[in-house]
Amino acid sequence: HRDLHSFPTRRSSDLQAESIRKSLENIGAKDAYIRDLQAAMAHKDSLNMALVMNLKGAVSGNDSDINIKVEKGVVFIDISDKLLFKSGRYEVTKGAKEVLGKVAAILKNQPDVEFMVEGNTDNKVYRGHPDLVDNWDLSCKRATSVVRILAKTYGIPPAKMTAAGRGEFVPLMGNDTNEGRAANRRTRIVILPQLDQFFNLL
């Protein structure tokens with residue numbers, strides 16, 4: 001009679017022990033995953049900082065016209081339009097091609113990097129060219145001009161690049177001052193996050 005009552009107790013105890021063991025294994029696996037994810041993010045951050053330092057070193061003579069930074073894990077290179085283009089035009093100036101070559105040399109050393117070249121303008125009405133309708137057109141043409149030089153002159157694979165224009169719609173500053181409008185007229189190179197690698201890690 002005593003054995004009949006003790007059997008379920010032992011079985012219940014075994015099940016609880018097995019449940020605890022599995023829970024501990026799951027906790028251990030989650031902890032390992034979190035450590036791996038943190039290590040991967042730290043590695044990515046260190047690579048981004050190395051890229052930023054290399055880019056800043058390459059264009060150090062143009063500090064006032066080029067701003068290189070990391071925001072939320074993404075590397076941005078903002079180049080003032082006065083360095084790249086004449087007012088209202090989308091042809092890259094000769095002097096700017098040298099600067100783009102320095103940027104391209106760093107980017108070519110990052111074989112897995114893809115990036116977007118993004119044109120931005122101020123909000124002044126555009127009347128500079130009969131073939132362009134507005135600032136959106138101008139920003140797209142400027143981005144395409146930069147991409148074309150990076151590909152044809154400096155050998156960056158076209159498949160690694162995207163050309164985009166955002167017109168006047170993503171300003172850095174207000175357009176009510178000359179300083180603000182000048183800050184908004186820029187070409188931005190965005191080093192695109194490698195989402196496929198991130199998702200593989202997940």
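**Entry 1: D81**

I started with D81, which lies in helix α2. The model I am reading is a predicted one. Is D81 buried or exposed? I looked up its relative accessibility and found 9%. Buried means under 20%, so D81 counts as buried. Next I asked which residues D81 touches beyond four places away in sequence. I found R142, R185 and R186.

**Entry 2: the whole chain**

I stepped back to the overall layout. The protein has 202 residues, and 34% of them count as buried. I listed 6 helices and 5 strands. From the N terminus on, I read the order as α-β-β-α-α-β-α-β-α-β-α. Then I checked how far apart in sequence the contacting residues are. I took contacts between residues at least 6 apart, and 66% of these join residues at least 24 apart.

**Entry 3: the largest nonpolar core**

Which residues touch the most other members of the largest nonpolar core? I found F115 and L150, in a core of 33 residues. I then noted the elements that each supply at least two residues of this core. Among the helices are α1 (2–58), α2 (81–84), α3 (94–108) and α4 (135–152). The strands include β1 (66–71), β2 (74–80), β3 (114–120) and β5 (186–192). The most comes from α3, which gives 7 residues.

I followed F115 further, leaving out residues up to four places away in sequence. F115 touches L107, L150 and I156. The list also includes K160, M161 and T162. I189, V190, I191 and L192 are on it too.

**Entry 4: helix α3**

I went on to α3. This helix has 15 residues. From its first C-alpha to its last it reaches 21 Å, close to the 21 Å expected at 1.5 Å a residue. Which residues of α3 are buried? I wrote down A96, V99, L100, G101, V103, A104, I106 and L107. I kept a general point beside that list. An α-helix has 3.6 residues a turn, so residues three or four places apart point the same way.

**Entry 5: α3 against α4**

Last, I looked at how α3 meets α4. The two helices pack at an angle of about 60°, and their axes are 10 Å apart. I noted the crossing of α3 and α4 as right-handed. Where do they touch? On the α3 side I found K97, L100 and A104. On the α4 side I found V146, I149 and L150. I sorted the residues of this contact by kind: 5 are nonpolar, none polar and 1 charged. L100 and A104 are also on my buried list for α3. L150 came up earlier, with F115, in the core.

Key. Residues are numbered from 1 along each chain as its sequence is written. This is a predicted model: local features need pLDDT of at least 70, side-chain atom pairs count only at pLDDT 80 or more; totals for chains, interfaces and linings use all residues. Side-chain values use heavy atoms; hydrogens and water are left out. A nonpolar core is a set of buried Ala, Val, Leu, Ile, Met, Phe, Trp, Tyr and Cys residues joined through side-chain atoms within 4.5 Å. Buried means under 20% relative accessible area, exposed over 50%, partly exposed in between (1.4 Å probe, protein chains only). Helices (H or I, at least four residues) and strands (E, at least two) are DSSP runs, numbered from the N terminus. Contact means heavy atoms within 4.5 Å. The expected span of a helix is 1.5 Å times one less than its number of residues. Axes are lines fitted to C-alpha atoms, for helices over the stretch in contact, and angles run from 0 to 180 degrees between N-to-C directions. A crossing is left-handed if the near helix is turned anticlockwise from the far one by less than a right angle, and right-handed if clockwise. Ala, Val, Leu, Ile, Met, Phe, Trp, Tyr, Cys and Pro count as nonpolar, Asp, Glu, Lys and Arg as charged, and the others, Gly among them, as polar.
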